[in-house]
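Here are a few exercises to work through with the model open beside you. Try each task before reading its solution.

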Amino acid sequence: MNRINTLRAALVALLPLAAIALASPAPAQSPSASPAPAASPTPAPAPSATPVPPPAETKSPADSPASAQTPAPAPAAPVQTADPFGEPFTLEPKKVVMLKGTANWDSAFDALIEAFKQLTALLDKDGVKASGNPMIVYTSTDDTGFTFIAEIPVDQDVKNLGKNMSMGNSPDGKALKFVHRGSYDNMDNTYEAITNHLDDKKLEAKDTFIEEYITDPLKTAEDKLVINVYVPLK
């Protein structure tokens, strides 16, 4: 997996604005002709005897009933926080029906989906309901493929187990929790970030890791998957 660093440069152009006031010169006044004789002043009319009503009493905004009933502004909506990444977590053991399998990386997701389908068909046949989210426990990996255990939590023992199926308990103990959103093919980026996180914190992980499928992998579009990744620590 190659790390891709994306560098973004933002260029902001500041354009000064100049305001230019244009004033045209006032036209020159021509000299006046001989001054006109002054008119005799006209006597001003006597003031009216009608009384002027006093101005109406004004009210301050505080006295207005409309202002008193003005509703308070609605509180701001809470800001959604990012998914936890590297959160300390304690895995609790759960009773599970499990299926062991192997797969190569080229068809990894198809193999996991097939394992979940077999376990789901078994539960439907026996009338047993799942009591938790399906999980994949990776037990070993190499450059070509991996071995895994597909697990579905249940509250009771399941009968008529098929080939490579058994009852057992899910992993437990101290771990770190990471969240992946998107397709299974993009899990490489998540696991690279997990590796970098462990290196930065100088933490040592066990040889196994667990994926918990929060969205149903049998019904959810692959690019809409939400998967919790648990990394057990030594």
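**Exercise 1.** In which sense do S3 and S7 pair, and over how many bridges?

*Solution.* Strands are DSSP runs of E with at least two residues, helices runs of H or I with at least four, both numbered from the N terminus. Two strands pair if DSSP finds at least two bridges between them. S3 and S7 meet this with four bridges, in the antiparallel sense. Within this pair, Val137 faces Ile210 of S7. Before going on, note that this is a predicted model, with local features needing pLDDT of at least 70 and side-chain atom pairs counting only at pLDDT 80 or more, while totals for chains, interfaces and linings use all residues. Residues are numbered from 1 along each chain as its sequence is written, and side-chain values use heavy atoms, leaving out hydrogens and water.

**Exercise 2.** Which strand joins S3 in a hairpin?

*Solution.* S4 does, with three residues between the two strands. Six bridges hold this antiparallel pair, and Ser140 lies opposite Thr147 of S4.

**Exercise 3.** What is the strand order of the open sheet?

*Solution.* Its eight strands run S1-S6-S8-S7-S3-S4-S2-S5, with antiparallel pairing. S1 (85–91) and S5 are the edge strands, each pairing on one side only.

**Exercise 4.** Does the span of helix H2 agree or disagree with its number of residues?

*Solution.* Take 1.5 Å times one less than the number of residues. For the 19 residues of H2 (108–126) the expected span is 27 Å, and the end C-alpha atoms are 28 Å apart, so the two agree. Just after H2, Gly127 has a positive phi of about 70°.
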